[in-house]
Each structure stands twice: as structure tokens, then as C-alpha cells.
Amino acid sequence: MKRIKKLRDFILINNMLSIVIPLILVGLLVTPLIYNYLIKDMHEKNTMIATTIAQRMSDFIDESFQVLYQINHLLDDGMLKDDVSIQIYLDALLDSSDSVEGFEILDTNGIVKISAPQNVNILGANRTSQPFFTETKATRQPFVSSSFISQQTGNPTITIAIPQADGVLVAYLNLEEISMLSLNHIKTFGNTVTVAITDGNGVFISNKDIIKVYQREMEANYQSIHPEFEIEDQVHAFTYEGKTAMVSHADVDNANWHVFVYESYDSIFAALRPFLAIMLLCTGLLLFFSRFIARLVFKDINHSFGELNQQTKEIAAGDYHPINTDNRFDEFNRLTENFNGMVACVKERDEALQILAYYDSQTRLPNAVYLSEHLNQLILNDRGKIAVICFDIHNFKRINDTYGPSFGDKILEMMGARLLELNLSQGFVARINGSNFARVLTEIENPDDVLLEIEKLRAVFNQAMTFNENNVYLRFHVGIALYPDDARVVEELLQYANTAAEMAKQRGVSQYAFFENSMKQNLLRNMTLENSLRSALENGEFFLHYQPQIDVNNKKIRGFEALIRWDHPQLGMVSPLDFIHIAESTGLIIPIGAWVLETACRQMVCINKKMGTQIMISVNVSPVQLSHEQFPEMVEETLKQCGLEPNLLELEITENLFINSFEEAIKIFNRLKRIGIRMSLDDFGTGYSSLAYLKNLPIDTLKIDQAFTRDLLIKKANENLMESIILMAHTLQMDVIVEGVEELEQFDCLKSYHCDHVQGYYFSRPIDQSELEDCFKKMG
Amino acid sequence: MKRKRAFLGLFFPIIITLALTACMSQKPLTIGFVASLTGSTSELGVNGRNGLMMAVEEVNAGGGINGKSVEVVVKDDKNDPETGLTVDQELYEAGVSFIIGHMTSNMAALSIPFVNSKDMLMINPTMSATTLFNQDDHLVGVISPNSDQAVVIKESMVKNGGGKNVAVIYESQNLAYTGTVKDGVAQEIAPLGGQIIYEEAFLSEANPNYLEISQHVLNSKPDSIVILASSFDAAMFCQQFYKLNNQTHIYLAAWSMNNDLLLQGGGSVEGVTITSLIASDSQMPTYIAFREKYLNKYGAEPTFAAVYTYEAAMMLFNTMADTRSDKPETIKSAIIKKGTYQGLQSDIIINEYGDASRTIYEYVVKNGQFKKAE
């Protein structure tokens with residue numbers, strides 16, 4: 001997985017690395033050069049020291065030889081005539097010399113002729129095995145011996161010899177002073193550089209550790225540094241006492257001695273240390289500055305990033321403002337410009353989405369979502385009373401059916417435009433769905449404000465809607481729910497307002513209704529009914545009552561109207577008015593209707609058979625049932641199964657059927673008529689009572705609503721109206737049944753108008769099936 | 001991940017190498033070397049040190065002993081028993097268990113009881129006082145007892161027709177050595193009817209009057225003169241006898257057999273008989289190789305001190321390597337158990353006390369050189 005880094009650390013580290021790596025590379029390159037330079041320099045310096053000391057040693061030997069030459073000269077010239085004078089002279093020389101500790105004059109046989117200081121043990125001794133005798137005699141050249149520890153003095157000593165007449169002149173040189181040279185050098189110059197002198201065998205003549213001289217130790221690496229094997233300018237390095245040291249050397253030619261100068265490599269490192277310290281200091285300082293500068297640079301970048309980050313957050317929260325592009329970094333400005341472009345696009349899209357989400361495209365009014373959210377917001381703000389006014393266009397479907405859906409759309413569009421023109425100040429208006437709108441009115445002080453607002457709205461709707469030369473006047477039913485009186489949540493407010501609107505609708509068009517608690521109870525009751533309706537059929541909670549229809553002329557029974565009853569286990573008897581519309585809205589009317597039809601038909605077949613009559617049965621049919629595709633087949637099948645003559649079945653329909661679709665109603669009517677059944681138009685006079693229906697539909701019976709019967713004897717005009725309707729029906733070849741006949745006067749009046757049949761409490765209330773036989777017996 | 005593995009692959013061998021190197025470079029093995037490195041007997045000590053260093057270099061060049069390199073702490077006993085004891089103590093306190101030395105027999109009196117008490121082990125290259133032999137002590141050696149030298153001297157006297165009246169000059173500081181040789185000679189010549197008619201001791205450090213002592217000797221009219229002294233002192237006596245025109249044969253003990261004898265003695269030592277602990281003309285390949293190396297390194301012929309110290313060191317090193325031990329007791333037992341060691345020139349036989357016996361030689365000085373006597 002890719003590791004996530006912090007930009008700041010990345011910049012800091014890279015900045016530091018870009019400084020440290022070159023510095024390290026320079027260090028790696030320069031340090032060896034300096035190191036080599038220091039080595040070379042040290043070697044040269046130490047070789048110079050060695051050469052200087054070697055020169056001094058050489059001078060010492062030469063000076064010592066000069067003494068011998070001087071004696072030789074005196075002897076040769078005969079200046080020293082006898083042994084005594086020679087002895088005196090040599091003793092005097094010894095007294096004046098620091099380094100010569102003895103002289104010997106050997107004769108040609110190597111016998112000591114004269115010894116200074118005088119020593120009887122040595123005088124006359126045979127020196128024939130001594131190289132100072134043999135070599136000097138053989139070569140006639142000056143001789144320098146190897147060093148040895150003198151038995152007389154206990155000090156490191158050498159002998160030098162020159163030929164003298166036939167014999168040899170020997171001097172013993174005490175090297176004590178030379179042996180101390182290393183120590184003295186340390187005392188004078190410190191012990192950084194130390195010096196040692198060895199003889200030709202590598203045995204120390206001088207060393208800082210004087211014991212090594214007296215113990216005749218050899219220079220440990222003498223063989224390696226030996227001039228025989230030396231390469232020009234070679235730097236020797238050996239380990240002494242655990243430390244590596246560079247060894248430079250020079251030769252004392254006239255004595256075959258070697259001078260060594262030692263310097264520990266520590267001193268090179270010591271010399272390198274300031275350089276390394278400076279390098280380190282520079283690195284540290286550069287790192288510090290780089291960090292400082294990187295921080296400064298990053299501060300700007302970070303500021304820009306922070307700003308962008310902040311703006312992004314704000315934009316994410318919905319604040320679409322452009323970002324300031326005045327940044328010192330061009331790249332950042334470009335990024336900002338692009339970002340601003342993106343923000344503008346997002347803003348545009350967001351607004352479009354908001355319109356789509358919150359506005360209705362047809363009416364340009366806020367939609368249900370908007371309504372819900374804003375109403376909720378208003379409730380949360382709690383700024384006094386709010387009224388939710390629901391208004392629905394009355395019979396909008398019929399307008400659509402009549403003039404076509406595009407006309408309906410246009411109506412909605414125009415309505416939206418008119419509502420928008422109102423420039424509502426308090427609250428807003430929204431389209432909930434279909435023809436259903438809601439006006440949210442805020443800051444209400446008294447209910448009159450609501451009524452004023454309703455009037456205002458009505459003024460808008462009362463104007464004719466004109467499209468394609470069609471004029472339509474819209475009517476509304478209006479329901480009002482109040483916050484906080486009726487409800488405190490959006491859903492309930494909308495529900496209650498709709499309930500109130502529904503109530504207003506039931507009361508009649510262009511009515512308004514404030515929500516009341518009873519409506520809520522009604523609502524609850526309806527809910528309960530709806531829930532129990534589903535199981536009522538299975539549980540056999542329905543039963544039928546039959547109300548006889550009486551022939552006016554002979555007062556005999558023409559037939560019965562089957563009326564459904566519901567014995568609810570908890571609520572008791574429930575009126576069809578309360579549950580039929582629920583059954584219709586839930587679709588349960590189909591099975592219930594089928595049950596009613598079948599039960600009524602069977603009952604009538606049973607009675608007719610028993611009584612030997614041809615009595616008709618009237619069954620109410622809901623528009624929902626009628627518009628069901630399989631309805632005519634179902635009717636036909638029921639008739640067959642029950643064995644009822646089709647002409648003994650009369651289906652009662654209401655004018656509501658035509659509201660949905662008149663054309664469709666005609667088709668269904670014709671299909672039913674083909675079966676052979678009769679069709680009856682129920683509740684005539686309460687609805688549209690359109691003469692067009694009467695003229696065009698194959699209706700056999702017209703049932704005049706009991707409202708007309710109630711008012712019949714009150715006014716003469718009513719009697720005339722009744723007479724005219726009966727006359728019209730007869731003209732259209734229809735039988736007439738008048739409902740609600742409760743008094744003899746009414747019956748007599750109707751009889752005088754040649755009404756065919758009556759139905760009402762005057763003759764019989766709706767009766768149970770068990771009473772049917774008695775009824776027959778009583779009324780024939 | 002791959003890179004990580006590559007790093008590990010690179011580092012592991014380095015770490016392992018470092019670890020192995022660390023294991024190999026163990027703490028060095030330190031031994032002591034004590035001899036007289038200054039003063040009149042320093043020739044013996046210096047040559048012994050040279051021989052020892054040859055052995056140490058050889059062993060270290062071959063990887064050390066059981067992976068340990070050998071280090072030597074060199075101490076100067078100044079031919080003084082008290083100093084000798086002090087430096088022995090210093091070595092003991094420094095954790096040293098093995099001492100190669102001392103080189104002169106007079107050092108034994110204090111040093112051997114000390115090493116015995118501390119369970120150290122002293123490998124003796126050149127202390128040959130007969131009294132040191134056949135003792136149950138912490139001393140093993142590669143040198144024959146002085147009594148063997150006495151036998152050689154007696155036989156030489158018999159050959160030269162002397163040995164009846166013998167005069168002896170002996171150094172008294174190293175009486176442990178000189179005394180036992182002198183006694184040995186007396187013991188050897190007694191059965192032949194010989195005796196020491198004159199003896200005189202001298203102290204090397206006290207500027208002896210060589211001439212006077214020599215005159216005393218000659219005055220006793222001996223038929224053989226035995227000088228038991230260091231090479232320098234012996235040479236000085238020979239010079240006096242030379243000056244006094246002495247014709248009596250002079251016999252020297254092995255102590256005197258040094259280059260210094262020839263250098264200081266010159267013509268005066270010509271014809272002198274000397275007991276030699278080594279055969280300088282030996283053709284043994286090991287010796288020839290050693291001699292060549294020595295000559296190259298020190299610019300001089302190896303002396304018996306160099307040869308014997310080299311052999312003593314090699315005997316110790318080889319036994320330590322064989323036993324893989326650095327316990328003095330174990331080493332001593334192993335040396336005794338092995339019994340025979342091959343020296344540079346001849347076999348060295350070690351007895352149950354850790355004392356050696358080996359071939360010694362009769363040499364004469366001829367034309368300024370040591371020559372094996374015919």
C-alpha cells in the first residue's frame with residue numbers, strides 16, 4: 001500500500017537531503033584528498049626532522065674522527081715524543097671531551113700499546129678479533145663499530161678507528177648523550193613527534209624509552225624500513241603500543257645509523273578534526289537554514305492549501321463562493337481558477353437539481369418535498385400559528401377526460417402562473433400532487449386571516465381558464481389544518497388538511513372546512529373499518545336486508561332492493577354509507593359486490609320458487625364494480641349459477657359512474673343489457689342529473705331520490721317537478737320508482753302523477769330474509 | 001519487500017563475518033620473559049630475548065596458539081635475585097602464569113620458591129646449576145646440568161695432559177652456577193688424582209683487577225686453568241694471561257661462550273677450550289633455517305642463549321597447543337609425559353622432574369672462531 005506522507009515532512013526531508021547528500025559527497029571526495037595531503041605533509045616534515053638529526057649525528061661522528069685525525073697528526077709529526085707525553089695528551093683530551101671515554105693505540109699486531117684512561121687490564125690486550133682493528137688495518141679506512149653496552153661505563157658505546165702508522169688509533173664514544181636525544185626531543189617539542197636512532201642492526205641507540213637502549217632492543221619494524229628495501233617516498237606505517245604511527249627516517253651515512261621519526265596517525269586525525277568540525281558545522285548551519293527556509297516556503301504553501309481546504313469545506317457545506325486567486329504561486333492560482341470553474345459548474349448543477357428536487361416543472365410552484373421541508377423548518381422556527389390550506393380542483397379528472405390531458409396540464413400551468421403572480425408574502429404555495437395544492441400561511445393572528453386568504457385564492461380560481469377557446473371555471477374544496485392547534489408535525493398537518501378538504505368535498509364544491517377532532521376520529525374509524533373490511537366477507541359479517549318496491553296501481557310487490565348490512569364484531573352495525581366508499585377505494589367492493597349479487601339472486605330464486613312468483617331483485621352496483629373488466633361476465637355467470645331469469649335482475653347504478661368516463665359507461669351498459677338484465681339509475685336528482693345520460697343510456701328504470709319525496713308536499717313547485725320528471729321518464733320509456741315514501745299523502749300524490757313504483761317506510765322498512773315470506777303473505 | 005530482502009542478504013554475511021572475526025581475535029596469551037638485560041650479563045639476556053622473539057613471531061605468524069596470539073612481557077632482573085623476585089611478582093600480578101627465564105642460576109634461589117608458591121610454571125632456558133636439578137618444583141628446562149659441563153672439561157683436561165693441578169677463577173655473584181661447575185670439576189678430577197690447587201673468586205660488577213688475579217693463578221703453577229665467568233670477564237682474564245705470556249691451557253664454561261669472548265679476547269683467547277651447549281656448525285635443517293633467520297634479523301650468529309630460549313619457548317607453545325590448555329600444572333605434566341623434544345640441533349630428554357639432559361660439546365677457539373674440538 002502506498003504510504004501517505006505529509007507534504008511538510010516531504011518538503012523538509014527533501015530539502016535537507018538535497019543539502020546533506022552533496023555535502024557528504026563533497027566530504028567523501030575532499031576528506032581523502034586532505035588526508036593524503038596531510039600524510040604527505042607530515043611525512044615530508046618528519047623526514048626533514050630525521051634528516052636534520054641524521055646530519056647532527058653525522059657531524060658528531062665527523063667531529064669525533066677529527067679528534068682522532070688530530071692525534072694521528074701529532075703522532076706522525078713526532079710532536080708527542082714518548083708514551084708518557086702521549087698518555088698525558090690523551091688524558092687531557094678525555095678530560096675536555098664529553099663524548100670520548102677512551103682511546104687505545106694498537107700496534108700492528110693489535111696489541112694495546114697505550115690506553116687512556118690508563119688501565120693495566122687493557123694495556124697489552126690483544127685486539128686482533130675486534131673489527132675496529134681488523135677492518136681498519138685491512139682497509140686503511142676510518143671505521144665505525146656497531147653499538148654495544150660498555151662494560152666500563154654501562155652506557156651505549158661505539159668505537160671509531162683510523163689507521164695510525166702500522167697500527168690503529170681507536171676511540172670509544174660514549175653515546176649516553178645521544179641516547180637521551182629522544183627524551184630531550186620530547187621534553188622540547190612534546191610527544192606528538194618522537195625520535196629514535198638505531199645502529200646498522202636496528203638496535204636502539206636512542207629511544208624515548210631509554211630502557212630499550214640499555215636492553216639493546218631492536219626497532220620492531222627495522223627490517224621493513226631498512227633502506228635496502230625502501231621505495232622512494234614510501235610512507236611507512238606501523239603499530240606501536242596499539243597505535244598506528246607513520247615512520248619517517250634518514251640515514252647517518254658515516255656511521256651506518258638510522259634516524260626514525262614517529263608520528264601517530266592520531267595527529268593526522270587531530271589535524272583533520274577542525275576540517276571535519278567545520279564541515280559538520282556548515283552542514284548543521286545549512287540544515288538549520290534549509291529547515292528555516294523550507295518552513296517559510298511551506299508556510300506559504302500551507303496557507304494556500306489551508307485556504308483551499310477551508311473553501312472546499314465551505315463549498316461542501318453549500319456555500320458556493322469563488323476562491324481568491326491572488327496567490328504568489330502561479331500553479332496555485334491556476335488550480336484555484338480551475339477550482340472556481342468547477343465550483344461554478346457544481347453551483348449551476350446544484351441549482352438545477354434543487355429546482356428539480358424542490359419545484360414542480362409543470363406549475364413552477366414548489367413541490368411536495370419543498371413543502372415538507374419548509375413547513376418543517378417553519379415549525380422548528382416556531383414563529384406563531386401556521387395554517388396549512390389544502391385545496392383540490394373539483395372533478396379535475398373529468399376536465400381531463402372531457403378536454404384531454406394536455407388541456408388539464410395547461411390548466412395546471414396557468415394555475416401555477418396565477419398563484420405565482422400573487423406574490424404571497426406570508427408563507428408559500430406548493431403543488432402536492434395531481435390537482436392537489438397547499439398554501440402554507442404563516443404568522444396567523446386569528447382564523448379570519450385564513451378565511452381572507454381563502455377568499456384571495458378563490459378570487460384567483462374564479463376567473464375562467466381559457467385554452468383553445470375552451471372556457472373552464474374551476475371549483476375547489478378546501479381543508480385547513482392549524483399549527484399548533486391541530487398538529488405539530490408536518491405529516492399530520494398535511495393529513496389533517498387533506499381530511500378537512502375531503503370533508504369539504506363531501507359537503508359540496510367550493511366549500512372549506514377547518515379540521516376538527518371529530519374528523520380525526522372519523523379518520524380512525526375509517527381506518528379500523530378498512531382493516532376489518534378485509535376479513536369481514538370471510539367471517540360472514542355481511543348480510544342483506546331487502547326493501548320491497550310496490551306497484552302503485554295494485555300495491556303489490558314488484559320486487560326487492562337488496563341492501564347490504566355489516567355486523568361489525570366490535571362496532572356493531574355499520575352503515576353502508578360508512579364502509580362502501582372504503583370498499584370502493586380499497587377495491588374490496590369487487591368481491592363484496594359479487595357476494596351481494598350472488599346472495600340476492602339466490603334469495604330471490606328461492607322465494608320465487610317457494611311463492612310461485614316472478615319477483616324482481618334490485619342490486620346496487622358501485623362504479624368501481626362496473627368499471628371492472630370482468631363485471632358483465634361475472635353477472636352472467638352468477639345468473640346462470642343461481643338460475644335467475646336475467647329480466648328479474650335490475651342493477652342500480654348512480655350518476656357517479658359517468659363522471660369518470662361516459663363513453664366507457666355506455667359500453668358497459670350495452671354489454672349488460674345484452675345479457676337481458678334491467679338497468680336502473682339510482683338517486684336521480686342529487687347529482688348531475690344530466691339529460692344527456694338519460695337520453696343516451698339504455699336505462700330501464702329511473703329511481704327518483706327520496707329528497708324529492710321529502711319535499712313533495714311542502715311546495716307546489718316540488719309536485720310539479722316530480723310530475724315533470726315522471727313524465728320525462730315515461731317519455732323516455734323508463735319506469736319510475738320513487739324512494740322515501742313514508743306517508744299515504746305522498747303515495748296518493750305520486751299515484752296521481754302516474755308514478756309506476758314506490759319504495760319506502762310507508763310500506764316496509766328493509767327487512768331480513770327471514771321476514772320475506774311474511775311480507776309476501778301480507779302484501780302479495 | 002524485495003529491496004528489504006536484498007538489504008538483509010547484504011547485511012547478514014557482513015554480520016556473520018564480523019561475528020566470526022570477533023570470535024577468532026580472542027584475548028592474547030601473555031607470557032613473561034625475565035633475564036638480565038643490562039649489565040655485564042646482559043649478553044645472555046639480550047640473546048635469549050632475541051631467540052624468544054623468533055619463536056613468538058613464528059607462532060603468531062602461524063595463527064597463534066589455539067587461535068590466541070602470543071604476547072610477551074619482558075622484564076629485566078639485572079642479574080639481581082631481589083630484582084628478579086620483584087619482576088616475577090609483577091608478572092604474577094599481571095596475570096601471567098608462564099615465565100621463560102631466568103637466564104642465570106643465581107636467580108633461582110628466590111624465584112623458584114615464588115613460582116612454586118603461586119603455581120606458575122617457569123621454563124628454564126639456561127640456568128644450569130646442578131642444585132636446581134631433580135627437584136620437585138615448578139621449573140622445567142631445556143639445559144643440561146653443570147655436572148655435564150664438568151665432565152666435558154675433565155675429559156678435555158685428560159686429553160690435553162692436564163687436570164692434576166687445576167686453578168679456578170670464578171665469578172661470585174653467579175656462584176650458583178660457577179660454584180657447581182667448580183665443584184663438578186673438582187669431583188671429576190679427583191678420581192684421576194687431580195685437585196684444585198688454587199681458586200679465586202671475583203665480583204664482575206666491582207671492577208675486578210683481572211691482572212692481579214691472573215698473576216695469583218700463575219703463581220700457583222697449575223697445569224690447567226678454569227675460568228668460570230661471563231664472556232667479557234673471561235676475555236679480560238685471557239687478555240691478562242696473554243700479556244703474562246701464559247702457556248697453561250685455559251678451560252672456559254659454557255657461560256663464556258659468546259661473541260663477546262672472541263671480540264674482547266682477540267688473540268688472547270686463541271686455543272682456549274670451551275664447553276659449548278650448541279654445535280655452531282650443526283647441519284640440522286631446523287637449525288640452519290633458524291640460524292639464517294637469526295642472522296638476517298639480528299646481524300649476528302645465534303648464541304646458545306638464543307637457541308635455548310627459542311627451544312624453551314617452542315616447547316611451551318607446542319605443549320599448550322597440543323593440550324589446548326593454559327593451566328601451568330597441565331602443561332608441566334604434559335611436558336614431562338612427552339619426555340623427548342626435538343631441539344634445533346639434538347633431542348632434549350626431559351626427566352620426571354622436568355629437567356633436561358642433552359648433548360653438550362667441547363669447542364676450541366681457533367683463528368678467532370669457535371671450532372669443535374677434534
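Mentor: Two strands pair if DSSP finds at least two bridges between them. Strands (E, at least two residues) and helices (H or I, at least four) are DSSP runs, numbered from the N terminus. This is a predicted model, where local features need pLDDT of at least 70 and side-chain atom pairs count only at pLDDT 80 or more, while totals for chains, interfaces and linings use all residues. Residues are numbered from 1 along each chain as its sequence is written, and chains are lettered from A and ligands numbered from 1 in the order in which they are written.

Trainee: Which strand do six bridges join to S1(A)?

Mentor: S1(A) covers residues 100-106 of chain A. Its partner here runs antiparallel to it. Glu104(A) stands opposite Val170(A) in that partner. The strand, residues 167-174 of chain A, is S6(A).

Trainee: Which residue in the turn between S1(A) and S2(A) has a positive phi?

Mentor: Four bridges join S1(A) to S2(A), residues 112-116, and the two run antiparallel. Leu106(A) has Val112(A) as its bridge partner. The strands form a hairpin with five residues between them. The phi of about 85° belongs to Gly110(A).

Trainee: Why is S1(A) largely enclosed by the rest of the structure?

Mentor: A residue is buried if 20 or more other C-beta atoms, placed from the backbone, lie within 10 Å of its own (exposed: 12 or fewer; partly exposed: in between). S1(A) is largely enclosed because many of its seven residues are buried: six.

Trainee: How many C-beta neighbours does Val168(B) have inside 10 Å?

Mentor: Val168(B) lies in strand S6 (residues 165-171) of chain B. Leaving out residues up to four places away in sequence, Val168(B) touches Lys182(B), Ile196(B), Glu199(B), Val226(B) and Leu228(B). Touching, or contact, means C-beta atoms, placed from the backbone, within 7 Å. Val168(B) counts as buried because its neighbours number 24.

Trainee: How far apart in space are Val168(B) and Glu199(B), C-alpha to C-alpha?

Mentor: In sequence they are 31 residues apart. In space, the C-alpha to C-alpha distance is 4.5 Å.

Trainee: At what angle do the axes of H17(A) and H19(A) cross?

Mentor: H17(A) is residues 589-611 and H19(A) is residues 631-642. Their axes (lines fitted to C-alpha atoms over the stretch in contact, with angles from 0 to 180 degrees between N-to-C directions) come within 9 Å. The crossing angle is roughly 30°.

Trainee: What does that make H17(A) relative to H19(A)?

Mentor: Angles under 35 degrees count as roughly parallel, over 145 as roughly antiparallel, 65 to 115 as roughly perpendicular and the rest as oblique. The crossing angle therefore makes H17(A), relative to H19(A), roughly parallel.

Conventions. Two residues are in contact if their C-beta atoms, placed from the backbone, lie within 7 Å.
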